[in-house]
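Colleague: I am new to this structure and would like to know what stands behind the labels.

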Amino acid sequence: MLDTRPRYSKEEFAQRGDEIYERHIRPHLGVEQEGQFVAIDIDTSAYEVDGDEMTASDRLRSRYPEAQVWLRRVGSRYARRFGPRYRSEA
């Protein structure tokens with residue numbers, strides 16, 4: 001049976017995922033991927049890009065069943081946003 005439980009602290013997980021994205025993935029992405037999700041295996045640096053986060057994650061896990069998946073949205077620091085969104089009144 002595969003063990004997909006987290007193997008890192010939350011801080012290390014995030015740090016590794018962000019570092020791989022910034023250093024190895026972001027330079028290869030274009031404006032056509034803006035807003036799509038990037039699923040990253042923080043152990044192998046393998047990744048998948050898709051408009052649907054589950055599709056990207058599933059494709060990555062089909063290649064690397066024990067992947068430690070970190071998600072980012074292209075053009076954003078986060079995959080999802082929680083809380084209110086303040087809009088400036090123009």
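The questions below concern a predicted model.

Colleague: What makes Glu 12 and Arg 16 a salt bridge?

Modeller: Their closest N and O atoms are 3.6 Å apart. The rule asks for a side-chain nitrogen of Lys or Arg within 4 Å of a carboxyl oxygen of Asp or Glu, so the pair qualifies. Glu 12 and Arg 16 are 4 residues apart in helix H1, which means about one helical turn separates them.

Colleague: Why is Arg 72 called buried?

Modeller: Buried means under 20% relative accessible area. Arg 72 has 4%, so the label applies.

Colleague: What does Arg 72 pair with?

Modeller: Asp 18 forms a salt bridge with Arg 72, with the closest N and O atoms 2.9 Å apart. Asp 18 lies in helix H1 and Arg 72 in strand E3, so this pair ties together parts 54 residues apart in sequence. Glu 22 also meets Arg 72 in a salt bridge, at 3.3 Å from N to O.

Colleague: Why is Glu 22 called partly exposed?

Modeller: Partly exposed lies between the 20% and 50% limits. The relative accessible area of Glu 22 is 35%, so Glu 22 belongs there.

Colleague: How do you know that Asp 41 has no salt bridge?

Modeller: The nearest side chain of opposite charge, Arg 7, is 5.6 Å away. The limit is 4 Å, so no salt bridge is counted. Asp 41, in strand E1, does have a polar contact of 3.0 Å with the side chain of Thr 44.

Definitions and conventions
Residues are numbered from 1 along each chain as its sequence is written. This is a predicted model: local features need pLDDT of at least 70, side-chain atom pairs count only at pLDDT 80 or more; totals for chains, interfaces and linings use all residues. Side-chain values use heavy atoms; hydrogens and water are left out. Helices (H or I, at least four residues) and strands (E, at least two) are DSSP runs, numbered from the N terminus. Buried means under 20% relative accessible area, exposed over 50%, partly exposed in between (1.4 Å probe, protein chains only). Lys and Arg count as positive and Asp and Glu as negative; His and the chain ends are not counted. A polar contact is a pair of N or O atoms within 3.5 Å; within protein, one must be able to donate a hydrogen and the other to accept it, and residues adjacent in sequence count only if both atoms are side-chain atoms.
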